[in-house]
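Visitor: I am new to this structure and would love a close look at a single part of it. Could you choose one place and lead me through it and what lies around it, step by step?

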Amino acid sequence: QGQLVESGGGLVQVGGSLRLSCAVSGSTTRPYVMGWFRQAPGKGREFVAAINRSTSREYYADSVKGRFTISRDGAKNEVYLQMNNLAPEDAAVYYCAAARNLASMRAHYTAANYEVWGQGTQVTVSS
């Protein structure tokens, strides 16, 4: 299996934007599903967004709909998370994850269905 390497985290003011990137390396097979999850201190890992290469469908948590956009570059084998209008509650470590093709919409939201994870990148939102 390949490795996932995130980048693009950092410190941003409330209302600002950040773009996270995730590069897939070391694998000859492109994952069908790429997702972003996040984990704030003292909280569990939370689904943020996912994109399915097979169906081209995108999935978002209700808390980020209209503010975050997931996209992918197949040629580069990368996935991105554009985050706009960031709020203090968006502060967390963001993780990129990869999965084989998932059959149901609900499956995309479940962290246990993703087999490969990146090391995480910190997003801090200051007020």
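**The disulfide and its surroundings**

Guide: Let us begin at the S-S bond of Cys22 and Cys96: the torsion about this bond is about -80 degrees, so the disulfide is left-handed. Cys22 belongs to strand 3 (residues 18-25) and Cys96 to strand 9, so the link ties together parts that are 74 residues apart in sequence. Please keep in mind that you are looking at a predicted model. The two sulfur atoms are 2.0 Å apart, which meets the cut-off of 2.5 Å for a disulfide. The count for the structure is 1 disulfide. Are its two cysteines buried or exposed? Both Cys22 and Cys96 are buried.

Now let us follow the Cys22 end. Strand 3 takes part in an open sheet of 4 strands, whose order is 1-3-8-7 and whose pairing is antiparallel. Strand 1 (3-7) and strand 7 have a single partner strand each, so they stand at the edges, and one side of each is left without a neighbour in the sheet. On average, neighbouring strands here are turned by 15 degrees against each other, direction ignored. At the strand 7 edge, strand 7 and strand 8 pair in the antiparallel sense over 6 bridges. One of the residues involved is Ile70, whose bridge partner in strand 8 is Leu81.

At the other edge, look for Val5 in strand 1. Cys22 is among the residues in contact with Val5, once neighbours within four places in sequence are left aside, and the others are Ser21, Ala23 and Gln119. From Val5 to Ser21 there are 16 residues in sequence, but 8.0 Å in space, C-alpha to C-alpha. How much of Val5 is accessible? Its relative accessible area is 42%, and Val5 counts as partly exposed because that value falls between the limits of 20% and 50%.

Cys22 also has a contact with Asn77, a residue in the loop between strand 7 (68-73) and strand 8 (78-83). Setting aside neighbours within four places in sequence, Asn77 is in contact with Ala23, Val24, Arg30 and Pro31 as well. Asn77 is buried, since its relative accessible area of 17% is under the 20% limit.

Let us cross to the Cys96 end. Strand 9 (residues 92-99) pairs with strand 11 in the antiparallel sense, over 3 bridges. Within this pairing, Tyr94 has Thr121 of strand 11 as its bridge partner. Strand 11 has another partner too: strand 2 (residues 10-13) pairs with strand 11 in the parallel sense over 4 bridges. There, Val12 is matched with Val125 of strand 11.

What do the two faces of strand 11 (residues 121-126) hold? Thr121, Val123 and Val125 make up the covered face, whereas Gln122, Thr124 and Ser126 make up the uncovered one. Why the every-other-residue pattern? In a regular strand, side chains alternate between the two faces of the sheet. Both bridge partners named just now, Thr121 and Val125, belong to the covered face.

To finish where we began, the disulfide joins Cys22 and Cys96, and both of these residues are buried.

Methods:
Residues are numbered from 1 along each chain as its sequence is written. This is a predicted model: local features need pLDDT of at least 70, side-chain atom pairs count only at pLDDT 80 or more; totals for chains, interfaces and linings use all residues. Side-chain values use heavy atoms; hydrogens and water are left out. Buried means under 20% relative accessible area, exposed over 50%, partly exposed in between (1.4 Å probe, protein chains only). Two strands pair if DSSP finds at least two bridges between them. Contact means heavy atoms within 4.5 Å. Axes are lines fitted to C-alpha atoms, for helices over the stretch in contact, and angles run from 0 to 180 degrees between N-to-C directions.
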